[in-house]
Every structure is written in C-alpha cells, then in structure tokens.
Amino acid sequence: EEPNPRCLLLFVMAAAQVFLLYAGFLAVTGWLGAYSNGYSKQSMHSLYAGMGGGAAMALCGLVSLGGTPEKGQPGYRLFMIVVHVGLLLVALFAVVFGIQFARSLGKNPRQTKLFAVLEAGTLVALIALVKAKPKKKKTKDQD
C-alpha cells in the first residue's frame, strides 16, 4: 500500500528523523520554559530536562539513522533496542507532560501553555513513530 502523498510529511518519515526532530523540539521547549521564567533557579529544571530528553532522543535518532537492517544482519538487534527504547521514552514523556499539564491548570498560564505544547508535540511524535514502523514484506505465498 502506497502512502498518501497528501498526508503530513511527518507521518511518512523514518523513525530516526522523528527522533531527531523531537530532540530539537524538547531542547527548544526546555529552553523556552527557562527563558519565559527569567532563568530563575526554579525554572532551570525545564532547561535541564529539555536538554537531557533531547539528548536521549538525539542518541536514539543517530543510532537508528542508517535505516532498518534486515533481521539477522549486523546491527539489527541494536537498532531494534534503540528504536523501542526511544518509543518507550516518548510514551513516558506523553504521560509526564499530560500529568504536568493537568497539575498546572489554573495555577500558571505560561506553564499550562508550555505543557499543552509539549503534550501536543509529544503525541504527534508518538503517532509519527508508530506510522514509521516498517511494513512487513509480502511473500509470494501471501499474494
């Protein structure tokens, strides 16, 4: 089945590209959280978490950059571990940002907006990663 050319570019990307874009997203939003609160000691957690999460996602993206190796080829096991760890991290971030968004409602509008953006971006990344899953190749028996 051919991908629909009208769908968003993000939904036809490889996992490595999604990881790398998401890494940049986390780093920028982490910086934005600290910047919007004047780099106060309390807000620096946003910067550190954004950079740390971004670094983890960048590592997943860089390791999986070569594409999907065939089962049994060198690097297949490492590729699968890295992609699945990255997928689990994105799912974990979705839960954490959802909880943070709910906790910030009615308290700090800036934080609420930031967590809403983080949650939305994380859900987009999660959907894109699921869509990036390689399709199983049909054998002659399945035709």
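Start by selecting serine 64, in the loop between helix 2 (44–63) and helix 3 (76–104); helices here are DSSP runs of H or I with at least four residues, strands are E runs of at least two, and both are numbered from the N terminus. This is a predicted model, in which local features need pLDDT of at least 70 and side-chain atom pairs count only at pLDDT 80 or more, while totals for chains, interfaces and linings use all residues. Residues are numbered from 1 along each chain as its sequence is written, and side-chain values use heavy atoms, with hydrogens and water left out.

**Stop 1: around serine 64**

Colour by accessibility and serine 64 shows up as buried, at a relative accessible area of 3%. The cut-offs are under 20% for buried, over 50% for exposed, and partly exposed in between, using a 1.4 Å probe and protein chains only. Now draw a distance from the side chain of serine 64: one of its polar atoms lies 2.7 Å from the backbone oxygen of cysteine 60. Then show the contacts of serine 64, where contact means heavy atoms within 4.5 Å. Setting aside residues up to four places away in sequence, you will find Ala16, Phe19, Phe79 and Val83.

**Stop 2: phenylalanine 19 and the core**

Move on to phenylalanine 19, one of the residues that serine 64 touches. Beyond its neighbours within four places in sequence, phenylalanine 19 contacts Met57, Cys60, Gly61, Ser64, Val83, Gly86, Leu87 and Leu129. Next, widen the selection to the largest nonpolar core, which has 21 residues. Such a core is a set of buried Ala, Val, Leu, Ile, Met, Phe, Trp, Tyr and Cys residues joined through side-chain atoms within 4.5 Å. Which residues have the most contacts inside this core? They are Phe19, Tyr22, Leu26, Met57 and Phe97. Two or more residues of this core come from each of helix 1, helix 2, helix 3 and helix 4 (109–131).

**Stop 3: glycine 54**

Select glycine 54 in helix 2. Glycine 54 counts as buried, with 7% relative accessibility. Its contacts, not counting residues up to four places away in sequence, are Ala23 and Leu26. For a backbone distance, pick the C-alpha atoms of glycine 54 and threonine 29: they are 25 residues apart along the chain and separated by 9.9 Å.

**Stop 4: the nonpolar patch**

Switch to a surface view and select Trp31, Leu32, Tyr35, Tyr39 and Met51, which make a nonpolar surface patch of about 500 Å². Patches are built from residues with over 30% relative accessible area and no salt bridge; like charges are joined within 9 Å, and nonpolar side chains (Val, Leu, Ile, Met, Phe, Trp, Tyr) within 5 Å. A salt bridge here is a side-chain nitrogen of Lys or Arg within 4 Å of a carboxyl oxygen of Asp or Glu. Areas come from the Shrake-Rupley method with a 1.4 Å probe, and for residues only the protein chains shown count as cover.

Which helix gives the most to the patch? Helix 1 does, with three residues. Click on tyrosine 35, which sits in helix 1 and is partly exposed at 48% relative accessibility. Then click on tyrosine 39, in the loop between helix 1 (15–36) and helix 2. Tyrosine 39 is partly exposed at 38%, and its phi is positive, about 55 degrees, although it is not a glycine.

**Stop 5: helix 3 and helix 4**

Select phenylalanine 101 in helix 3, partly exposed with a relative accessible area of 28%. Leaving out neighbours within four places in sequence, phenylalanine 101 contacts Thr112, Phe115 and Ala116. Its C-alpha atom is 8.9 Å from that of leucine 118, 17 residues apart along the chain.

Isoleucine 99 is also in helix 3 and is partly exposed at 45%. The C-alpha atoms of isoleucine 99 and phenylalanine 115 are separated by 9.1 Å. For helix 4, pick valine 124, partly exposed at 34% relative accessibility. Its C-alpha atom lies 9.6 Å from that of valine 18, although the two are 106 residues apart along the chain.

**Last stop: the whole chain**

Zoom out and you will see four helices and zero strands, in the order α-α-α-α along the sequence. Of the 143 residues, 31% count as buried. Among contacts between residues at least 6 apart in sequence, 66% join residues at least 24 apart. The chain exposes about 9800 Å², of which carbon and sulfur atoms supply 66%.

Terms used
Polar contact = N/O pair within 3.5 Å; in protein donor to acceptor, adjacent residues only side chain to side chain.
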